[in-house]
Structure formats: C-alpha cells, structure tokens
Amino acid sequence: MPATALRRAAPPARPVPLTGRARLVPLGVGLLVLVLYLWWSLLQWHRWEVPSWDLGIFTQLAKSYAAGDGPVVHIKGHGANLLGDHFHPILVLLGPVYALFPSALTLLVVQDVLVAVSAGALTGFAVRALGAGPGAALGLAYGLSFGLQAAVAVQFHEVAFALPLLVLALGCLVERRWTAAALWAAPVAFVKEDLGVTVAVLGLVLAWRAHREADGDLRPVALGLALAAWGAAWSALAVTVVLPALSPDGRFAYADRLDLAAAAADPAGALVSLVVPGQKALTWLTLLAVGVVLVLRSPLALVALPTLVWRMLSPNHGYWGAGWHYSAVLMPIVLVALLDAVLHLRHGRLRRPARAAPALALVVALLLVPGRPLADLTDPAAYRPDPRADVKAAVVAAVPEGASVATDLTLLHHLVPRAQVHWLGSEGDPAPEYVVVDRLGGAWGGRPPGDVADWARQRYGTGYTEVRDEKHLVVVRRRG
C-alpha cells in the first residue's frame, strides 16, 4: 500500500442511525441478494450439478455434528476427523440446522443466507455513512461481486461464515466502535486456520487507527493489540498443534502449499512471484477494479494481504485466479475499505471520484457478471433438466437407509443424508455394502470400470452383485 494511504486524515463523523425509508434499503439489498443466490443454488440443484466433493464432505460433517458424533467424515477416509484437515470449529453451528433439514441443499441455503446477511449489513454501514443511493450501490456491488458468485457456484465452504463477521467487524471499525469491531472479528479465527492471521492484521489496523483517532484513550489500542495476538495465536496453534494432532499422518496436510523459508531466503523473487505469472496479476487487477482503485487509500485494505500473499506464494495454481471460493473473504475487505476511503476522501482533492466511487463499484460488478454464475439466470439453456435426473433419483433410492456405500462424485452429496458414504478413491476403507459408479463421471478420467462388480471385488476383496445398470449409473451390492 502506498504511503499516501497512511497519511492522517480527518476521521468521519459517527453516522446517525437509520430512520424512515432508509431502514428498508439494507433489507431490500439483502433480500435481493438472497433471492438471486437461492435461485442460482436451486437451479444448480435442479441440474444435479457437482463441482467437487466438498459439498459431500461438509454435508457429512453437518450430519455427524447433528448426531453428536463430532467432525467424523468418512469421505476423507474411514473415521477421519475433519478438524485434522482444516481448522473450522465454527462449523459445529451446522449441526442443529442439519438436524432440522437433513439435506445437502440445507448447506447451500445456509451459505446463501450468510452471503445475504453480509450484503445487508454492509449496505447498512454504507447507507448510514453515505445515504440511501450510494449505500445501496455499494451494497449491491458487494452482493454481485465476483468472489461471492464464485463461492456460491462451487457450493458450500466454511469461509461463508467469515463473510458477515468480517463485514460487521470492519464496518464497526469504520464507525470507530472499537469494542464491537474486536468482538465481531474474534470468531473469524475459528472459520479456518489462515484467517487467524487476517484477524491479527485487522487487530493491528484497529490499534493503529485507534491510536490516531481515539483522543489519547489507550484502551482501544490495547484492544486492537490483544485482538492481533488472539488471531496470530489461533493460527499458530491450529497449524502446529491441532491439525497435526488430528491428521491421520500427524502433520498439517497443506504445509507444502506455502514455503515461507524459501520466500525469506529470496525476498526479491518472492515479491516478483506475487504477480507472476499473469493469472496472479489479473487477480490483483480485478480486486483493484472492484475497489475502484481508491481502496488503496484505506488502511483496511491491508487486512486482505494475508489471504492474497499465501495464495500467490503457493505453488498451487488453483489458488491464483478469481475462481472457486478463495476470493470470497476478500470481498468484504475490499468493499468496506472502499467505503472507508470514500469517507476520508469525499471532502478533499479527490472528492469527485470519491463521491462517484459507489456507483463505479456497482458498474464494475455488473460488467464482471457476463460469463459468471449469475449470468446463467438469464440463459434458457441453464434451465434444461438433467436428462438422467430420474435415474439418479432412483439410484439414490435404491441404497437403503443407513447402508454403507462407496461412490464417485456424481451422487456423493445426495447419498450422504441416507447412507454412510465413502469415497471410491480412498485407500484402506472397509468393504461397503453398496458401490455406486457413474461411468460418465469426471472422477474416472475417461476410464471407468466396465464390470463394476468385478472392479469392486478386486478393490475390496469380497464379492459383489450388480443391482442395476441404467444410463451408465451402476449399483452393485456386497454378497452375503
């Protein structure tokens, strides 16, 4: 961030509470965002679309929590504790919801609600500070942002819980409500192991801003430093103690995704690798566009750096781009930081671009919609039903309640609510009662087994009998 972003600026006056029709603006934006993403999720469900095995994993986690069995997820390996994969204790909140509505669709709805709540909350902060029109524009820019669209499209991930928490924490920080900001930020450390570092940076920004704006009161400064220590401690504890202790091989499974020692040994090379190859640079530029560049004038933008740095330094190219769910947590940071920048710049030399920034942010969000998930809502082809939908439903129904079943991606999360599901690719799993294979499924790399019963016999060491084979969906049952 340039030094100009850190110059002392007159803090904004505390916003007045919303009154009259202005109260309806955050509610309206939140409801609109909820309708759009629920529409998308239901459309995706109608198409039997499965981007990855993650929804199946988190559905099994929610089912396990609902039964009081802890975070046991057999899809990751028989008896696997999912807290040995990623540190997300906040997901225990899924248990009661899943107990009421036992379906993978429940998790999609939960994620859509969390996105909508965060959009409504961000709109509320913006309307209080800027007025109804600019506030609504900024809220919609957030709700339609590429990071949220990508996250919803790849189905449920734990980072959804960070969205409202980050909006509320950063929004309270903008309003100089130091204690509220810290209280909302603290639980973010329980969403995922890397987000503790994000909380730490947020705490440092809080302390720095409180030092400049709290009129000599050192209590909020101490609060910010305590928050920074809290976040850093949880990330360190998660990576060095909790995850290795609960992992089946006694180590943090993603330790190879970031080599800090190599970066420290070659800082110049590490700096270059933040923007090279071009996919990384494009992600940075897209984020700058979402923040209308003015985001750089707010120190709150620093809170995005931990996520961006670990992603860009990782050798895993899947982290570099704008797809998947990896940019979701950046959206609250960028848009609230833009709000903060507008408040500090709207009476200075940059007042004209600052006052236009909310509208420009909405324009950027709309320009980025084509080719992204929400564009499907206007595409008639997206509403065509899966030609194998009836057969898939029949296959799911053919597996008895409570049975153990090994399967590939196609029906993974649909089977979880009714059966004890394992992943076909896991080694060391016990022989399941049923094996379900989709010969057209992407998990087979174009080489599905011809005789599924014989394949299952060789894999699990016991005999299987074919139960049904229709439209390339095969079900075999263990003999005896």
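Which residues does Pro373 touch, not counting residues up to four places away in sequence? In this predicted model, in which local features need pLDDT of at least 70, side-chain atom pairs count only at pLDDT 80 or more, and totals for chains, interfaces and linings use all residues, Pro373 touches Trp40, Gln149 and Ala153, contact being defined as heavy atoms within 4.5 Å. Residues are numbered from 1 along each chain as its sequence is written, and side-chain values use heavy atoms, with hydrogens and water left out. Pro373 lies in the loop between helix H16 and helix H17 (389-398), where helices (H or I, at least four residues) and strands (E, at least two) are DSSP runs numbered from the N terminus. The residue is buried, with a relative accessible area of 16%; buried denotes under 20% relative accessible area, exposed over 50%, and partly exposed the range in between, with a 1.4 Å probe and protein chains only. Pro373 and Tyr37 stand 336 residues apart in sequence, yet their C-alpha atoms are 9.5 Å apart in space.

The overall architecture was examined next. The protein contains 19 helices and five strands. Its radius of gyration is 24 Å, close to the 23 Å that the globule rule gives for 480 residues, so the protein is as compact as a globular protein of that length. The radius is taken over C-alpha atoms, and the rule is 2.2 Å times the number of residues to the power 0.38. Along the principal axes, the C-alpha trace spans about 80 × 50 × 45 Å. Of the 480 residues, 54% count as buried. Among contacts between residues at least 6 apart in sequence, 72% join residues at least 24 apart.

The exposed surface amounts to about 20200 Å², of which carbon and sulfur atoms supply 64%; accessible areas come from the Shrake-Rupley method with a 1.4 Å probe, and for residues only the protein chains shown count as cover. The protein has 39 positive and 32 negative side chains, and the centres of the two sets lie 12 Å apart. In this count Lys and Arg are positive and Asp and Glu negative, while His and the chain ends are not counted. Each charge is placed at NZ of Lys, CZ of Arg, CG of Asp or CD of Glu.

The interior was then analysed in terms of nonpolar cores, each a set of buried Ala, Val, Leu, Ile, Met, Phe, Trp, Tyr and Cys residues joined through side-chain atoms within 4.5 Å. The largest core comprises 147 residues, of which Leu91, Tyr142, Phe156, Phe161, Leu202, Leu335 and Leu338 touch the most other members. Helix H4 (residues 104-130) gives the most to this core, contributing 15 residues. Apart from the largest core lies another, of 12 residues, including Ala406, Val437, Val452 and Val474. With neighbours within four places in sequence left aside, the contacts of Phe156 include Leu91 and Phe161, as well as Asp54 and Gln111.

Several helical residues were considered individually. Pro358 is found in helix H16 (residues 351-367) and counts as buried at 2% relative accessibility. Leaving aside neighbours within four places in sequence, Pro358 is in contact with Leu130, Pro134, Ala137, Leu138 and Val342. In contrast to these contacts, the C-alpha atoms of Pro358 and Trp320, 38 residues apart along the chain, are separated by 27 Å. Thr286, in helix H13 (residues 278-290), is buried with a relative accessible area of 13%. With neighbours within four places in sequence again excluded, Thr286 is in contact with Phe146 and Leu368. Val201 belongs to helix H9 (residues 195-213) and touches Leu302, Val303 and Pro306, not counting residues up to four places away in sequence.

Backbone geometry was also assessed. Most residues other than glycine have a negative phi, and most peptide bonds are trans. A cis peptide bond joins Val276 and Pro277, with omega about 5 degrees, and Pro277 is placed in the loop between helix H12 (267-273) and H13. Trp324 has a positive phi, near 55 degrees, and lies in the loop between helix H14 (305-313) and helix H15 (330-345). Its relative accessible area of 37% makes Trp324 partly exposed. Lys471 likewise has a positive phi, near 50 degrees, in the loop between strand E4 (464-470) and strand E5 (473-478). Lys471 is partly exposed, with a relative accessible area of 43%.
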